[in-house]
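Got the viewer open? Let's walk through this one stop by stop, with something to select at each.

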Amino acid sequence: MEKATKTDELVAFSNELGKVQEEIERIKGRMRYLEQNVAYSTIESRISQIISSAEVIHAGDRGPLMKRAAAALNGTYAMLSLCFQWLVIVLAGARRWFCSLRLSGSRYGSFAGGAGEAVRYPAQAEGA
């Protein structure tokens with residue numbers, strides 16, 4: 001600017017300086033915009049793998065298909081037999097209650113009159 005002697009050179013230099021300052025302001029504005037939006041775009045993720053579970057998964061994949069199918073069928077059979085055993089136990093325990101209902105002759109069993117007595121209705125009492 002000190003070297004410029006003519007007005008035209010000063011005006012041209014001033015225009016050039018204005019363009020440079022405008023470019024600097026534009027870049028600063030862009031930097032501020034990016035700095036403000038960086039906080040919103042930060043993603044934090046943590047991924048971990050438990051080694052023992054991965055080993056179990058991979059160990060289960062080994063072996064022929066028929067061996068795995070046979071093991072599955074054996075497990076199903078064991079579960080069904082366990083359910084059948086419990087059904088037999090429950091029915092054996094309930095057998096006494098079913099027999100007392102049938103032998104008492106009452107409509108409600110031994111629970112209606114208490115202590116195993118049959119309940120007598122008014123119509124039955126007159127005829128007796």
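Here comes the tour, from the whole chain down to single side chains.

Before clicking, some ground rules: this is a predicted model, where local features need pLDDT of at least 70 and side-chain atom pairs count only at pLDDT 80 or more, while totals for chains, interfaces and linings use all residues. Residues are numbered from 1 along each chain as its sequence is written, and side-chain values use heavy atoms, with hydrogens and water left out.

**Whole chain.** Show the cartoon: you get five helices and zero strands, in the order α-α-α-α-α. Those are DSSP runs numbered from the N terminus (helices are H or I, at least four residues; strands are E, at least two).

Now color by pLDDT, the predictor's confidence in each residue from 0 to 100. The average is 77, and 66% of the residues score at least 70. Confidence peaks in α1 at a mean of 90 and bottoms out in helix α4 (residues 110-113) at 48. Where pLDDT is low, don't read the predicted coordinates in detail.

**Surface.** Switch on the surface: about 12,200 Å² is accessible, 62% of that belonging to carbon and sulfur atoms (Shrake-Rupley, 1.4 Å probe; for residues, only the protein chains shown count as cover). Of the 128 residues, 2% are buried (under 20% relative accessible area; exposed is over 50%, partly exposed in between; 1.4 Å probe, protein chains only).

**Helix α1.** Select Glu 23 and Arg 26, three residues apart in helix α1 (residues 7-38), about one turn of the helix. Their closest N and O atoms sit 2.5 Å apart, forming a salt bridge (a Lys or Arg side-chain nitrogen within 4 Å of an Asp or Glu carboxyl oxygen). A search of the whole structure finds one such bridge. Arg 26 is exposed at 51% relative accessible area, while Glu 23 is partly exposed at 37%.

**Helix α3.** Last stop: select Trp 86, found in helix α3 (residues 65-104) and exposed at 54% relative accessibility. Add Met 79, Leu 82, Ile 89 and Val 90, and you have a nonpolar surface patch with Trp 86, about 530 Å² of accessible area together. Patch members have over 30% relative accessible area and no salt bridge; like charges are joined within 9 Å, nonpolar side chains (Val, Leu, Ile, Met, Phe, Trp, Tyr) within 5 Å.
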